[in-house]
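Let's take a walk through this structure together. Have the model open so you can click on residues as they come up.

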Amino acid sequence: MRVIWIFLLVFFVNFLYGQRKRVYVEKREAKEAFAYLMAFRSNPTKMMRQLGVRFDSSQVSKIRLRWNNQLARVAEYRARDMAERNYFDHTNPEGIGPNYYIVKAGYTLNKDWTKKRSANNFESIAANHASAVDGIKAFIIGRGSPGFMHRKHVLGMDAWNGSLYDIGIGFVRVPNGSAYQTYLSVIIAKHDW
């Protein structure tokens, strides 16, 4: 009888371990996406031609974004959490949004931006792109994005998004077991309005 219990225990442990998703955080991809975004912001007319899109390039923010390790950790966490728990949303299944995690990571925000646990003032997300750069390109192209909000966010094309200056990017790969094979989170923030 003891042998049967040991066999069942080993079987279930292997079964549970086999069901665990392997999620790979791609830090190099995140940095390449940051470099691409900075190149686009510094020369939008040239980059628009290469990408085959047209919009008013004078609206692209001239503010130089600064890589922020706290925001990068949050973006990585957000991308990884979506991959591991198989959802795609600005709020996790418990209804908690990016602003909560940004503050939890030690990046101070205006208190008004943290009153709702589901708040998102700073994140754009994408999934199933071959690379993080391809995800940034998709934000800029903007198909399926109401009002081109992701474009406005990553390029700082309105008063709010144009005032943001710190950035962190998280990109993960999931070979199998999730709805998508990649998840991207881009967080561009600032401390106060």
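Start with two neighbouring helices, keeping in mind that this is a predicted model. Helix α2 (residues 27-42) and helix α3 (residues 44-51) have axes that come within 5 Å and cross at roughly 115°. That pair of values is the usual shorthand here, since two packed helices are described by the angle between their axes and the distance between the axes. If you want to see who does the touching, pick out Tyr-36, Ala-39, Phe-40, Arg-41 and Ser-42 on the α2 side. Their partners in α3 are Pro-44, Met-47, Met-48 and Leu-51. Sort the residues of this contact by character and you get 7 nonpolar, 1 polar and 1 charged.

Now zoom out to the inside of the protein. In soluble globular proteins, nonpolar side chains tend to be buried together. In this model, the largest nonpolar core has 42 residues, and the members that touch the most others are Phe-40, Phe-55, Ile-140, Leu-155 and Val-186. Which elements give two or more residues to this core? They are α2, α3, α4 (69-85), α5 (98-104), α6 (132-141), α7 (149-155), β4 (166-173) and β5 (182-189). The biggest giver is α2, with 7 residues. A second core, separate from that one, has 10 residues, including Val-23, Ile-125, Ala-127 and Tyr-183.

Phe-40 deserves another click. Leaving aside residues up to four places away in sequence, Phe-40 touches Met-47, Met-48, Leu-51, Phe-55, Ile-140 and Leu-155. Phe-40 also has a ring partner in its own helix: Tyr-36 sits 4 residues away in α2, so about one helical turn separates the two. Their ring centres are 6.3 Å apart and the planes make an angle of 50°, so the pair counts as tilted. Both Tyr-36 and Phe-40 are buried. Add Phe-55, and ring pairs link the three into a cluster. Across the whole structure, a search turns up 10 aromatic pairs.

Rings also have charged company. The charged end of Arg-117 sits over the ring of Tyr-100, 5.2 Å from the ring centre. Over at Phe-148, Arg-151 lies over the face of the ring, at 4.3 Å from its centre.

Back on helix α2, find Lys-31. Is Lys-31 buried or partly exposed? Its relative accessible area is 42%, so Lys-31 counts as partly exposed. Lys-31 and Phe-171 are 140 residues apart in sequence, yet their C-alpha atoms are 9.6 Å apart in space.

That leads to the overall layout. The protein chain has 8 helices and 5 strands, running α-β-α-α-β-α-α-β-α-α-α-β-β from the N terminus on. Of its 193 residues, 45% count as buried. Take the contacts between residues at least 6 apart in sequence, and 68% of them join residues at least 24 apart.

Two backbone oddities round off the tour. Most residues other than glycine have a negative phi, and most peptide bonds are trans. Asn-86, in the loop between α4 and α5, has a positive phi of about 55°. Asn-86 is partly exposed, with a relative accessible area of 38%. Asn-128 has a positive phi too, near 70°, and is found in the loop between β3 (123-127) and α6. With a relative accessible area of 46%, Asn-128 is partly exposed.

Note on methods
Residues are numbered from 1 along each chain as its sequence is written. This is a predicted model: local features need pLDDT of at least 70, side-chain atom pairs count only at pLDDT 80 or more; totals for chains, interfaces and linings use all residues. Side-chain values use heavy atoms; hydrogens and water are left out. Axes are lines fitted to C-alpha atoms, for helices over the stretch in contact, and angles run from 0 to 180 degrees between N-to-C directions. Contact means heavy atoms within 4.5 Å. Ala, Val, Leu, Ile, Met, Phe, Trp, Tyr, Cys and Pro count as nonpolar, Asp, Glu, Lys and Arg as charged, and the others, Gly among them, as polar. A nonpolar core is a set of buried Ala, Val, Leu, Ile, Met, Phe, Trp, Tyr and Cys residues joined through side-chain atoms within 4.5 Å. Buried means under 20% relative accessible area, exposed over 50%, partly exposed in between (1.4 Å probe, protein chains only). Rings of Phe, Tyr and Trp (its six-membered ring) pair if their centres lie within 6.5 Å; planes under 30 degrees apart count as stacked, over 60 as edge-to-face and the rest as tilted. A charge sits over a ring if NZ of Lys or CZ of Arg is within 6 Å of the ring centre and within 35 degrees of the ring normal.
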